[in-house]
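Biologist: Please take a close look at one part of this model, the metal sites of one chain and the helix packing that goes with that chain. A connected account would suit me better than a list.

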2 protein chains.
Amino acid sequence: MPTAEREISRFQVFLQQQGLKLTSERSALLREIFETHYHFEADELLFRMKEKNVKISRATIYRTLELLVKSGLVRRVHLGEDHYHYEHVRRDSHHDHLICTTCGAVIEFHDPVLEARQLEICAKKRFTATFHNLQILGVCDACRRKGEQPDAPDRVKMIQVGALNLRK
Amino acid sequence: MPTAEREISRFQVFLQQQGLKLTSERSALLREIFETHYHFEADELLFRMKEKNVKISRATIYRTLELLVKSGLVRRVHLGEDHYHYEHVRRDSHHDHLICTTCGAVIEFHDPVLEARQLEICAKKRFTATFHNLQILGVCDACRRKGEQPDAPDRVKMIQVGALNLRK
DNA sequence: CTGCAATTGAGACTCTGTCTCAACTAGTGC
DNA sequence: GCACTAGTTGAGACAGAGTCTCAATTGCAG
Ligand SMILES: [Mn+2]
Ligand SMILES: [Mn+2]
Ligand SMILES: [Zn+2]
Ligand SMILES: [Zn+2]
């Protein structure tokens, strides 16, 4: 993995087309995003940069992520939480996600049959799709095995009185 | 539409199973949710209740929506915005959404072939799905027609300086 | 090298959603 | 019906994600 230099120049092309500039902050972020891997949150990225002693403000993180999404270098996804996650995009690496509600694991998959069927549905509705987002929530294999052991004892954890938080 | 009384008693059954109570606030909300139709936001519901001079606090709105989601009477969905939307659930009315990024229209669809394929994928990955959420973003038929007219003039609306808000 | 439009950081701000706690009810049992 | 108590409510404080403002700074075209 040649440390993201390819993506930085792709980003620069995009920026120039828009009359924007490539700054040291922007390339530092791009480098971080493409060197590490996986589904990260905006504030997590902020924290990682801080750890590396690269000073970048929160505003710039958000602004740059927005630009990266627009340029197609980064994808913004929902993973069943109430804030966004981001992931870098390598060429033609589209996929969707299975998300384990027990351990939080994220399993990526790509299925051409599924994708094709979605397009058929759009055609039927005369809808021009630009992108989509599919999350399947459930329990992963590892968690299912563990759960099968009659582990009933800790199931009766009623947390707090009142209507909320029925059983964790 | 017999004004949601059926759903209220379904909710009461759920509440009793959990040792919870049916209050006037809860049934008022359920009535509002099942009488009107479509994809609403929590604060929008708060506003509608205020308009009708039914005093219900924001905390109770959120708490009740959480209960309704747990009971299966209401579904919480992402529609490509950065907060949740809710919709009431009639029996076996599962569907997913096409969302027009131009006019905000939401088109519902249900496709057994698509659903079946998702299950196959999960089986292959040994993943036990409990629910899913598919949003297809794009341009609806009406907006596409309008957009085809060479309406270029207002396309060059650069809003604000700087990197953000490239073109609205 | 210069000039200037684009960018940055700090922090205020907005919005969605959660929590706390004292006052208040639903509903069970008498 | 009446009382008791666990569950519920509202007000407002709080939290977290994300946006905006503006003065100071920087990329980069000429
Ligand atoms: Mn992914
Ligand atoms: Mn719907
Ligand atoms: Zn798991
Ligand atoms: Zn539209």
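Modeller: This is a predicted model. In chain B, helix 2 (residues 24-35) packs against helix 4 (residues 58-71) at an angle of about 70°, and their axes are 10 Å apart. Helix 2 of chain B is therefore roughly perpendicular to helix 4 of chain B, since angles of 65 to 115 degrees count as such. From helix 2 of chain B, the residues B:Glu25, B:Arg26, B:Leu29, B:Leu30 and B:Ile33 meet B:Thr60, B:Ile61, B:Thr64, B:Leu65, B:Leu67 and B:Leu68 of helix 4. By type, the residues of this contact are 7 nonpolar, 2 polar and 2 charged.

Next, the manganese ion (ligand 2). Its ligating atoms come from B:His39 (NE2), B:Glu87 (OE), B:His95 (NE2), B:His97 (NE2) and B:Glu108 (OE), at 2.0 to 2.2 Å. Along the sequence these donor residues follow the spacing H-x47-E-x7-H-x1-H-x10-E. Among them, B:His95 lies in the loop between strand 2 (85-88) and strand 3 (96-100) of chain B, and B:Glu108 lies in strand 4 (residues 106-109), 13 residues apart. B:His95 is buried, at 11% relative accessible area, whereas B:Glu108 is partly exposed, at 25%.

The zinc ion (ligand 4) has as protein donors the SG atoms of B:Cys100, B:Cys103, B:Cys140 and B:Cys143, 2.2 to 2.4 Å from the ion. Their spacing along the chain is C-x2-C-x36-C-x2-C. The arrangement is tetrahedral because the 4 donor atoms subtend angles of 103 to 116°. For four tetrahedral donors the ideal angle is 109.5 degrees. Two of the zinc donor residues, B:Cys140 with a relative accessible area of 7% and B:Cys143 with 10%, are buried.

How values were computed:
Residues numbered from 1 in each chain as written. Chains lettered and ligands numbered in written order. Predicted model: local features only at pLDDT ≥ 70, side-chain atom pairs only at ≥ 80, totals over all residues. Heavy atoms only, no water. Axes fitted to C-alpha atoms, helices over the stretch in contact; angles between N-to-C directions. Helix = DSSP H or I, 4+ residues; strand = E, 2+ residues; numbered from the N terminus. Parallel < 35°, antiparallel > 145°, perpendicular 65-115°, else oblique. Contact = heavy atoms within 4.5 Å. Nonpolar A, V, L, I, M, F, W, Y, C, P; charged D, E, K, R; others polar. Donors = N, O, S within 2.8 Å, 3.2 Å for Na, K, Ca; no water. Tetrahedral: all angles 85-135°; square planar, octahedral: opposite > 155°, others 65-115°. Buried < 20%, exposed > 50% of the residue type's maximum accessible area, 1.4 Å probe, protein only.
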